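Biologist: I should like to learn how to read the features of a structural model in an orderly way. May we take them one at a time, with the general idea before the particular case?

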Amino acid sequence: MGCSRGMGSDSAAKSDAASAEHESMGLKLNGLNYTEVPIGDFYVDGTWGAAIPSRIGSWGSKVICCVSLPHEWHPGLTVTVKWQDDNLYKKDPNAMASREVPVEKYEYFSDGFLWVLFFPNDRIKVYASPWMPGFPDFPEGLQEPGESCPDHFNLKNSDPRCPAPDKRMKS
């Protein structure tokens, strides 16, 4: 029968469907930096994610392929993020910080990104999403770092609701 599915086998079809749910998907790796400190390099589970400028003027890192995650999110899903920002580099040019970061809950999708977001106060979030920042369905409604309101990253800097727009950013 080669690769074709046999006729009349409900259990084989159910088994194929169940195994498809546990298959992994390859996601494009991208990072966003909402801090004022440039990220020299970052890695997710050993895959290099490039450098990311500081928040002003930042639109993310280069899109790198590929990081694997299961098609279905499950509790306890984490990735290892390693990075070096400019502050760490000044202390030790060879040092890398490392942390296990939970992957935020996601629904099934077939193609997209693994986003690593660096926030002030040493916070990191990881999202799997088919969307890019600024799109209505991007997690938490976050805007691109280079357009976001300081400390209110789900608003654009030019939004009248932004409590303290950054004057360094062009409207």
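**Reading the model: disulfides, strands and surface**

Modeller: Let us begin with a bond: C65 and C66 are joined by a disulfide, with an S to S distance of 1.6 Å. Please keep in mind that this is a predicted model. In general, a disulfide covalently links the sulfur atoms of two cysteines.

Biologist: How many disulfides does the count come to?

Modeller: The count comes to two disulfides. The other bond joins C149 to C162, with S to S at 2.0 Å. The torsion about the S-S bond of C149 and C162 is about 85°, so this disulfide is right-handed. The pair links distant parts of the chain, since C149 belongs to strand β9 and C162 to the segment after β10 (152–156), 13 residues apart. With bonded cysteines counted along the chain, the pattern is 1-2, 3-4.

Biologist: Are C149 and C162 buried or exposed?

Modeller: Both C149 and C162 are buried. Here the cut-off matters: buried means under 20% relative accessible area, and exposed means over 50%. For C65 the relative accessible area is 54%, so C65 is exposed. C66 has a relative accessibility of 37% and therefore counts as partly exposed.

Biologist: What kind of peptide bond joins C65 and C66?

Modeller: The general expectation is that most peptide bonds are trans. The bond between C65 and C66 is cis, with omega about 0°. C66 itself is found in strand β4.

Biologist: That brings us to the strands. How should one read a sheet?

Modeller: The general idea is that strands of a sheet pair through backbone hydrogen bonds, in either a parallel or an antiparallel sense. In this model, four strands form an open sheet in the order β4-β1-β7-β8, and the pairing is mixed. β4 (64–70) and β8 (123–129) stand at the edges with a single partner strand each, so one side of each has no neighbour in the sheet. From one strand to the next, the twist averages 35°.

Biologist: In which sense do β1 and β4 pair, and over how many bridges?

Modeller: Strand β1 (residues 24–33) pairs with β4 in the antiparallel sense, over six bridges. A position to locate on the display is G26, whose bridge partner in β4 is S68. Turning to β7, six bridges join β1 to β7, and these two strands run parallel. There, L29 stands opposite L114 in β7.

Biologist: How many residues of β7 are buried?

Modeller: Seven of the seven residues of β7 are buried, so this strand is largely enclosed by the rest of the structure. F113, W115, L117 and F119 point one way from β7, while L114, V116 and F118 point the other way, and all are buried.

Biologist: And how does β7 (113–119) connect to the edge strand β8?

Modeller: β7 and β8 form a hairpin with three residues between them. Their pairing is antiparallel over seven bridges. F119, for instance, stands opposite R123 in β8.

Biologist: What should I look for in backbone torsions outside the strands?

Modeller: A useful general guide is that most residues other than glycine have a negative phi. N121, in the turn of the hairpin between β7 and β8, has a positive phi of about 65°. A50 also departs from the guide, with a positive phi of about 85° although it is not a glycine. A50 is placed in the loop between β3 (47–48) and β4.

Biologist: Which of these residues is buried, and which is exposed?

Modeller: A50 is buried, its relative accessible area being 1%. N121 is exposed, with a relative accessible area of 76%.

Biologist: Finally, which residues make the nonpolar surface patch?

Modeller: W131, M132 and F135 make a nonpolar surface patch of about 280 Å². Of these, F135 lies in the loop between β8 and β9 (148–149). Its relative accessibility is 42%, and F135 therefore counts as partly exposed.

Biologist: Thank you; I shall now go over these features on the display.

Conventions. Residues numbered from 1 in each chain as written. Predicted model: local features only at pLDDT ≥ 70, side-chain atom pairs only at ≥ 80, totals over all residues. Heavy atoms only, no water. Pairing = 2+ DSSP bridges. Axes fitted to C-alpha atoms, helices over the stretch in contact; angles between N-to-C directions. Buried < 20%, exposed > 50% of the residue type's maximum accessible area, 1.4 Å probe, protein only. Patch = residues over 30% accessible without salt bridge, like charges linked within 9 Å, V, L, I, M, F, W, Y side chains within 5 Å. Areas by Shrake-Rupley, 256 points an atom, 1.4 Å probe, with all protein chains shown as cover. Salt bridge = Lys/Arg side-chain N within 4 Å of Asp/Glu carboxyl O. Disulfide = S-S within 2.5 Å.
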